[in-house]
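Reader: I have just started learning to read protein structures. Could we go through one together, with questions and answers?

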Amino acid sequence: MKFGKEFTSQMVPEWEEAYMQYNHLKTILKEILIFRRLRQNQTSPPYQSPQKVILSERHSLYTAFSGLTNRVGNYNEENNSDTEEVILVSEIQHQEQCMHYQTMFFRSWEEGAENEIVFFKRLDDEFNKAICFYKRQVDEVVMEAEELNKQMDALFALKVRINDLNFHPSSTPPNSGLSPLDEIQETPERNQTKMVSLDILNHIKINVTPESGLSPPWRTIFDGTKSGLSFSKSELRTAQAKLKQAFVEFHRKLRLLKSYCFLNQLAISKIMKKYDKVTSRNASKAYLEMVKSSYLSQSDEVVKLMERVESAFIIHFANANRSLGMKDLRPRAKKAKHGVTFFVGCFFGCLISLVVAVILTIHARDLLKSAGRDQYMINIFPLYSLFAYIVLHMLMYAGNIYFWKRFRVNYAFIFGFKPTTELGCREILLLSSALLVLTLVAVLSNLEMEMDERTLSFTTLTELVPLGLFIVLLLIMICPLNIMHRASRFFLIVNLWHCVCAPLYKVTFLDFFLGDQLTSQVQLLRTVQFYICYYGWGDFKRRSNTCNQSSLYEFLNIFIPIIPYWFRLLQCMRQGFEQKEYRPAMNGLKYLSTIVAVVTRTLYVQRRGTTMRIIAASSSGVATIYNTYWDMVKDWGLLCKDSKNPWLRDKLILPSKSVYFIAMVMNVILRLSWMQTVLDFYEAPWLHQSVMIFIVASLEIVRRGLWNFFRVENEHLNNVGKFRAVKSIPLPFSYEDGQGTMIH
């Protein structure tokens with residue numbers, strides 16, 4: 001792999017703009033090379049006679065060996081190219097308190113030197129940018145290290161107060177004049193000179209209520225100055241867990257800074273060597289000496305902090321077990337397994353065979369024209385469509401992951417996935433293809449049992465096949481054994497619970513992202529409702545559908561579809577309460593308008609009438625316009641009139657702008673699928689009503705998959721604009737003056 005591609009692949013995606021623009025510098029060097037080749041062709045030496053060639057060969061006999069290190073002349077002479085001055089790099093103090101460097105090119109009088117002047121000007125700008133960014137980040141981590149020192153002192157004091165009530169507080173101040181770099185390191189000298197002081201607890205508040213808790217907001221802060229306050233061991237464990245997570249994220253930021261420093265220095269070295277090769281000069285030595293003496297190379301704060309954070313973490317959070325501590329600090333990403341790819345191929349091969357078998361069975365027995373066709377499509381087809389909805393959503397998500405990775409969208413950081421348990425697109429393809437294989441096997445077996453005379457007496461067993469598959473799927477989801485990606489399954493269940501209890505939990509990006517996925521699975525919820533009715537009321541024994549005859553079922557038909565939108569509305573209310581902004585409230589109005597549209601459409605289906613049709617069409621139209629505007633402008637960040645890319649946004653990840661316009665058009669078209677209800681287009685000569693409902697629901701899932709990519713892309717670009725590459729962990733202790741409540 002060429003260095004340019006390797007350099008890009010190892011960048012921190014959120015810091016991409018802070019790195020050196022290596023490819024742009026390489027482009028300038030190509031222009032210099034093209035100019036030199038053209039000049040060389042124009043001034044090529046004339047044809048030499050054989051006699052002159054012989055004389056030149058004789059002359060080369062007396063020429064000294066040039067050497068393996070590009071030296072010229074005899075052993076007593078210095079290299080002329082080394083002594084020849086090409087550039088002079090000088091230091092300039094900048095307003096941002098970081099040293100800037102400026103290069104003076106001494107060969108500006110030569111022909112074609114303009115490109116070389118531009119090269120060094122751009123190289124200086126990129127290097128100065130890297131230095132300033134690195135220095136700002138180092139200053140931030142030093143401040144964060146100081147805050148972690150205070151947090152650890154408070155944790156020690158809390159631990160002593162809980163475990164040893166007879167401890168007499170020391171009069172030694174909590175900080176004995178040590179710097180943040182020395183303070184965080186656990187050394188024998190520090191332990192001997194600094195004792196725990198319980199006086200710290202009189203100046204802090206303890207915030208150990210979990211972020212996602214059922215407690216009301218006014219109970220999230222426990223005031224340590226109040227009399228009669230008892231500190232429990234559960235509070236201590238929660239504080240330790242939060243600090244452990246803060247240390248892990250802090251160490252991750254240090255690792256990213258170390259990688260940033262190394263990659264930029266390596267890029268400068270590579271580009272200067274290319275410059276020497278193209279121009280036949282020796283300017284790299286002077287420039288690299290300047291780089292070696294700069295803050296980017298001389299600063300050792302990050303390395304020292306990494307060592308001290310690792311030492312403190314191993315002692316206090318890993319029971320002095322280095323291997324266990326380093327496993328938490330530096331989790332290794334899962335290795336790609338060839339077995340996953342193999343089984344994905346096997347399952348897709350089985351899928352092709354099963355689809356052919358189902359088509360041949362239907363065609364050979366002429367099931368489309370059989371007397372029980374309508375009964376089968378009304379009762380059995382919706383039961384199996386539930387699994388199709390799940391598989392289609394999983395396939396769309398697998399495609400999202402593939403394209404996010406391809407265009408370097410850091411979705412794992414946005415969603416908070418762990419590198420050790422994160423599911424890639426191949427794992428999701430494996431799970432979805434396996435579920436689809438099971439579904440088609442169940443469908444084929446159901447058809448065989450329906451048509452086989454030997455199983456006609458087992459009609460009840462035939463009806464239970466989809467229920468059995470549904471129960472198996474539920475058991476796999478809640479299985480406590482460490483099989484089939486248990487961590488990912490439980491992670492999904494926890495976040496689904498957060499959506500269900502929306503107003504009681506702090507809303508994260510993953511919470512409302514998952515809530516939006518549920519809004520596209522309304523038909524799946526209706527199918528679950530049909531499962532309960534069909535099997536709970538015993539209709540499966542007679543293969544009859546009496547659900548629609550119940551007033552309770554009709555009421556649930558109105559109530560069930562609005563549940564996902566209600567969850568999102570409550571999440572928006574919680575966000576508005578916490579952020580004190582109007583945007584979550586406006587987003588909540590969007591879901592409220594959708595709830596009204598869904599209710600009116602359902603009432604129109606049940607009661608009909610011109611009045612209900614007008615109300616359903618008007619409410620759906622308003623909701624569609626509102627949702628479409630929010631999708632494109634707020635969620636995707638597009639339709640910016642004055643941006644660099646007209647009617648898009650300033651920063652784009654996809655190389656083709658037309659993709660964004662196509663996506664916007666498709667989003668509008670797919671959002672108009674509700675018109676099928678208002679126009680009474682339920683059935684076609686070649687399509688049953690159940691199939692039509694399935695197609696419309698599938699189109700909504702496809703639209704959601706399209707929305708997912710651009711929504712996460714926009715969130716990633718927001719993180720890039722703020723250089724936000726590490727999660728901000730709320731710390732357990734806050735001070736009365738309001739400082740140090742968060743690591744920024």
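Author: Here is a friendly walk through this predicted model, one question at a time.

Reader: To begin with the whole chain, how many helices and strands does the secondary structure come to?

Author: The secondary structure of the protein chain includes both kinds of element. The strands come to five, and the helices to 28.

Reader: What percentage of the residues of the protein chain count as buried?
Author: A residue counts as buried when its relative accessible area is under 20%. The protein chain has 744 residues, and the share of them that passes this test is 44%.

Reader: How much of the accessible surface belongs to carbon and sulfur atoms?
Author: The accessible surface of the protein chain comes to about 40500 Å². Of that surface, the part that belongs to carbon and sulfur atoms is 61%.

Reader: Among contacts between residues at least 6 apart in sequence, what percentage join residues at least 24 apart?
Author: Here we set aside pairs that are not at least 6 apart in sequence. Of the contacts that remain in the protein chain, the share joining residues at least 24 apart is 72%.

Reader: Now for charged side chains. Which residue meets Glu-17 in a salt bridge?
Author: The structure holds 22 salt bridges, so there are several to choose from, and a pair counts when the side-chain nitrogen is within 4 Å of the carboxyl oxygen. Glu-17 sits in the loop between helix H1 (3-9) and helix H2 (22-42), and its partner is in the loop between helix H25 (610-635) and helix H26 (658-671), 634 residues apart. Glu-17 is partly exposed at 38% relative accessible area, and the partner also counts as partly exposed, at 30%. With 2.8 Å from N to O, the residue that meets Glu-17 is Lys-651.

Reader: Why are Asp-125 and Lys-121 separated by about one helical turn?
Author: Their side chains meet in a salt bridge of 3.0 Å, N to O, and Asp-125 counts as partly exposed at 36% relative accessibility. The two are separated by about one helical turn because they are four residues apart in helix H5.

Reader: Which helix holds both Glu-700 and Arg-703?
Author: The side chains of Glu-700 and Arg-703 meet in a salt bridge, 3.0 Å from N to O. Glu-700 counts as buried at 17% relative accessibility, and Arg-703 is buried with a relative accessible area of 0%. The two are three residues apart, about one turn of the helix, and that helix is H28.

Reader: How far away from Arg-601 is the nearest side chain of opposite charge?
Author: Arg-601 is in helix H24 (residues 583-607). Leaving aside neighbours within four places in sequence, Arg-601 is in contact with Ala-616, Ser-620, Trp-674 and Thr-677. Arg-601 is buried yet has no salt bridge, and the nearest side chain of opposite charge, Glu-700, is away by 8.5 Å.

Reader: Let us turn to the cysteines. Which cysteine forms a disulfide with Cys-533?
Author: A disulfide is a covalent bond between the sulfur atoms of two cysteines, and the structure holds one. Cys-533 is in helix H22 (residues 522-536), while its partner is in the loop between H22 and helix H23 (551-579), 14 residues apart. Cys-533 counts as buried at 3% relative accessibility, and the partner is buried at 1%. With sulfur atoms 1.8 Å apart, the cysteine that forms the disulfide with Cys-533 is Cys-547.

Reader: Is the link of Cys-533 and Cys-547 left-handed or right-handed?
Author: The angle about the S-S bond settles this question. With -115° about that bond, the link of Cys-533 and Cys-547 is left-handed.

Reader: Which residue holds the closest cysteine sulfur to that of Cys-350?
Author: Cys-350 is partly exposed, with a relative accessible area of 36%. A disulfide needs sulfur atoms within 2.5 Å. The closest cysteine sulfur to that of Cys-350 is 6.7 Å away, too far for a bond, and belongs to Cys-346.

Reader: One last look, at the backbone. Where is Leu-639 found?
Author: Leu-639 has a positive phi of about 60° although it is not a glycine. Leu-639 is partly exposed, with a relative accessible area of 34%. The place of Leu-639 is in the loop between H25 and H26.

Note on methods:
Residues are numbered from 1 along each chain as its sequence is written. This is a predicted model: local features need pLDDT of at least 70, side-chain atom pairs count only at pLDDT 80 or more; totals for chains, interfaces and linings use all residues. Side-chain values use heavy atoms; hydrogens and water are left out. Buried means under 20% relative accessible area, exposed over 50%, partly exposed in between (1.4 Å probe, protein chains only). Lys and Arg count as positive and Asp and Glu as negative; His and the chain ends are not counted. Contact means heavy atoms within 4.5 Å. Accessible areas come from the Shrake-Rupley method with a 1.4 Å probe; for residues, only the protein chains shown count as cover.
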